[in-house]
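Let us take a friendly walk through this structure together. Please have the sequence and the model at hand as you read.

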Amino acid sequence: MTNTIESFAGEDILSVNQFDRESLNAIFSIAHEMRVLVERFGSAELLQGKILANLFYEPSTRTSSSFTAAMQRLGGQVIPINNVQYSSVSKGESLPDTIRTLECYADVIVIRHPEVGAAATAAYYAHKPVINAGDGVGEHPTQALLDLFTVQEELQQVDELTVAMVGDLRFGRTVHSLTKLLLNYNVSFIFVSPEILRLPADVLAAVDASGHSYAQVEDLHSVIGEADVLYMTRVQRERFTDLAEYDRVKDFFVVDQALMSQARERMIVMHPLPRVGEISYALDDDPRSAYFRQMRNGMYIRMALLAALLGKA
Amino acid sequence: MTNTIESFAGEDILSVNQFDRESLNAIFSIAHEMRVLVERFGSAELLQGKILANLFYEPSTRTSSSFTAAMQRLGGQVIPINNVQYSSVSKGESLPDTIRTLECYADVIVIRHPEVGAAATAAYYAHKPVINAGDGVGEHPTQALLDLFTVQEELQQVDELTVAMVGDLRFGRTVHSLTKLLLNYNVSFIFVSPEILRLPADVLAAVDASGHSYAQVEDLHSVIGEADVLYMTRVQRERFTDLAEYDRVKDFFVVDQALMSQARERMIVMHPLPRVGEISYALDDDPRSAYFRQMRNGMYIRMALLAALLGKA
Amino acid sequence: MTNTIESFAGEDILSVNQFDRESLNAIFSIAHEMRVLVERFGSAELLQGKILANLFYEPSTRTSSSFTAAMQRLGGQVIPINNVQYSSVSKGESLPDTIRTLECYADVIVIRHPEVGAAATAAYYAHKPVINAGDGVGEHPTQALLDLFTVQEELQQVDELTVAMVGDLRFGRTVHSLTKLLLNYNVSFIFVSPEILRLPADVLAAVDASGHSYAQVEDLHSVIGEADVLYMTRVQRERFTDLAEYDRVKDFFVVDQALMSQARERMIVMHPLPRVGEISYALDDDPRSAYFRQMRNGMYIRMALLAALLGKA
């Protein structure tokens, strides 16, 4: 993918690896315009007459609703396809045939699928743009884009920031993708996790190779004062074979008011949601809590991508 | 809630207790305009660019479709969320987080939930208007509003009418809510039910305290000639421990042509639907059978509420 | 049904038996205009403000999506009703009551139902137009229309063609319906199937009675060179009690490059999809492979029918 915005027209969005700093800037610039548009007018008619096939092989209310709203706020329409376990797919139809059928009806296809590579397969066969909305343990690029866009919108910069990634860094797909995107910027990383849930070797190697400074620590309390961005994820009890170890560390990765009293004045707390206890509800009114604005940014990013892919940005 | 129509903007619709005679008049006046609008033009563009999140934690084709059509006939769009048993809710997400996510995408939220108080919880956390579309054995206020609106539209009055409520008055949520709304008017009640399915003490106490005249009888045949409104509900066999008692009374609460031959010329038969035998199909063409017009009125009431809450009434 | 296009307004589409050559021409003429419209402009506003209730008692992603896209491309809106197993239908509501409720909200109803005659029942009770989108082993008339339209669009004629129907001709609903429609034209048939999966007696009798020439053969290879249209369907192993027989004949009904090298230059391969092995993927780029264009024609046919039934053609 080249890096001018025109070049997005007709493309697919499959992986964060497609993006460099220039294309990120281009997308974020449109996403910001989408935010202004929605805040001022609520909606536009940029994609009037266009149809999105929203193909979810596994449920994700959040992502599905976000794409739906993004299309609708640009005046487009959505074909919701949520019950594919019951559809002709379950009668044995291949993914390529499903995709080639849907592109007969729609102008752009969003696909969520439990298998790695499903979105790439869909894009290979489709003549219309395909957006990967999560392919199992693979990628979920629009999540990473909205995460990075949130940093930019909230702090007006990405360079020079210290980003603390917290929780399950081993299995957390969003952490891996956001980390990769952040390598395009001059940031420092603090990776905060239990020993057994550290960042995978390949991701860490990429950070190393890029020359970015980073630290790996086990307790959030010791580093909270340094973070400009606190990116929280959930530490699941089920990941631990030694539950005594779980009990020892579990409170190291919980954000509450006591912890936030040690945080900077100008910083943000992010979370891909859903959360289950790792951020106290008491913090929801803290202006540094950015996770609901982050949700909203998801809609702006998806509006930007839909407009760009359909040549209307 | 104050009683001018402007005051609805931004409010929630959670309970029939929010409404007094003046606010009912205001809503019914808009609903009547919506009826004229649909009958003449089919649809309008009043809510163009607005999005409704239609959040159903339990299925209800009728209510869900009615809200969808209401939004669409005003030019708005709908995010359908029907499979929440499979969604991130089932991954453990709290209702407040679900609501605060959806309000990032939508302008108004309709919620149906099996638990009493769920809609109020949603409204407490939401910054956008919330409409209760049924919270378990709690309330379903738009049903009560459409029921009352149907009386007004069909008979051009509510005062001075005799309203017969028939069937399962003990568990019938729609009966309780409509009865409460009718206390704002000068009506007489006839409560027709088996002994064991009489109106609950608290609802009856409210009728008593308000000074409205009422009677409680066991057989519809004895009172059919007095009713201006016959509000039917289903008597379920499962409610009876003594099946001999069920067999004795079951035909007391069925409307057929023989019964209707004793009814007034100018009166209406209503039913919240679905029916299962308590109204003969042979009566569907009787001009007094108002239950399908009642369905249609549901759409007009919901159009009125959506427009009012979004400040476009 | 009379045969001018105006006469479709307010009608139902229940069976291929409603159509004669003149009405087919009228529908195909509109469908072709729809194709031009979509190819040039993507969409139109012909049905703006109109609502389609898309009522699927059994899942069919393909058909459901096709109707949805057809309505949306004409500017209309769709109420998706996919989970009727969970709806008030499952609480015991009758189909007539469901239909009469939905027509309170919508302008046209599409129904897919597992029982023969369900669509006719729906149409009997509805005051709004009803389209049969498949009623069990009954009919699926829009499929037959799109099949025939594909022949017309691809080959610019129907008369004088030799049509080979291949595979499971006994249980293949699409084959029966298309065959009936083709009796309106001067065509020759070749029915290619295993002995036990031959065309049912009543369909064959209709072909016989109409005086059309036909042949019944067991191996596609022997007749491939004569076909202008090759209409493929799937031969399911489960249909055979004698699996040795299945093994003997199964390759007689598979289309691959070797077979197609013996086919005419100007002919088309069709399939209602989904396919499971009966057409090689290697043929997808062969210009004679019309099955994906056939899908797209489904949208055009449904656009034409929706516009015609709603009096906007």
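Domain bounds, as used here, come from an automatic or database domain assignment. For chain A, that assignment gives domain 1, made of residues 5-141 + 295-309, and domain 2, made of residues 144-294. Keep in mind as you look around that this is a predicted model.

How far apart do the C-alpha centres of the two domains of chain A lie? The centres of domain 1 of chain A and domain 2 of chain A are separated by 26 Å. The two domains also touch: 19 residues of domain 1 of chain A are in contact with 19 residues of domain 2 of chain A. On the domain 1 side of this contact, helix H1 (21-41) and helix H10 (291-309) of chain A each supply at least two residues. The largest share there, six residues, comes from H1(A). Sorted by class, that side of domain 1 of chain A has ten nonpolar, four polar and five charged residues.

Now let us turn to a strand. Strand S1 of chain A covers residues 51-56, and six of its six residues are buried. A residue counts as buried here if 20 or more other C-beta atoms lie within 10 Å of its own. In a regular strand the side chains alternate between the two faces of the sheet. What covers the two sides of S1(A) can be followed residue by residue: Ile51(A), Ala53(A) and Leu55(A) are buried on one side, and Leu52(A), Asn54(A) and Phe56(A) are buried on the other.

Which strands pair with S1(A)? One partner is strand S2 of chain A, residues 77-81, which pairs with S1(A) in the parallel sense over five bridges. Another is strand S3 of chain A, residues 108-113, also parallel to S1(A) and joined to S1(A) over five bridges. Asn54(A) is a handy place to see both pairings. In S2(A), Pro80(A) stands opposite Asn54(A), while in S3(A) the bridge partner of Asn54(A) is Val110(A). Helix H2 of chain A, residues 61-73, joins the picture too: S1(A), H2(A) and S2(A) make a right-handed β-α-β unit.

Next, step back to see how the chains are arranged. Chain A is superposed on chain B by a rotation of 120 degrees with 0.0 Å of shift along its axis, giving an RMSD of 0.0 Å. The two copies are therefore related as by a three-fold rotation axis. A turn of 120 degrees and a shift of 0.1 Å along the axis lays chain B on chain C, again with an RMSD of 0.0 Å.

Why do the copies meet through different surfaces? Only 5% of the interface residues of chain A are also interface residues in chain B, so these copies meet through different surfaces. The reasoning carries over to the next pair: only 5% of the interface residues of chain B are also interface residues in chain C, so they too meet through different surfaces.

The contact between chain B and chain C takes 22 residues from chain B and 23 residues from chain C. On the side of chain B, the elements that give two or more residues are helix H2 (61-73) and helix H10 (291-309) of chain B. H2(B) provides the largest share, eight residues. By class, this side of chain B has nine nonpolar, nine polar and four charged residues.

Conventions. Residues are numbered from 1 along each chain as its sequence is written. Chains are lettered from A and ligands numbered from 1 in the order in which they are written. This is a predicted model: local features need pLDDT of at least 70, side-chain atom pairs count only at pLDDT 80 or more; totals for chains, interfaces and linings use all residues. A residue is buried if 20 or more other C-beta atoms lie within 10 Å of its own, exposed if 12 or fewer, and partly exposed in between; C-beta atoms are placed from the backbone. Helices (H or I, at least four residues) and strands (E, at least two) are DSSP runs, numbered from the N terminus. Two strands pair if DSSP finds at least two bridges between them. A crossover is right-handed if, with the strands pointing away from the viewer, the path from the first strand over the helix to the second runs clockwise. Two residues are in contact if their C-beta atoms, placed from the backbone, lie within 7 Å. Ala, Val, Leu, Ile, Met, Phe, Trp, Tyr, Cys and Pro count as nonpolar, Asp, Glu, Lys and Arg as charged, and the others, Gly among them, as polar. Copies are superposed by least squares on the C-alpha atoms of residues with pLDDT of at least 70 in both.
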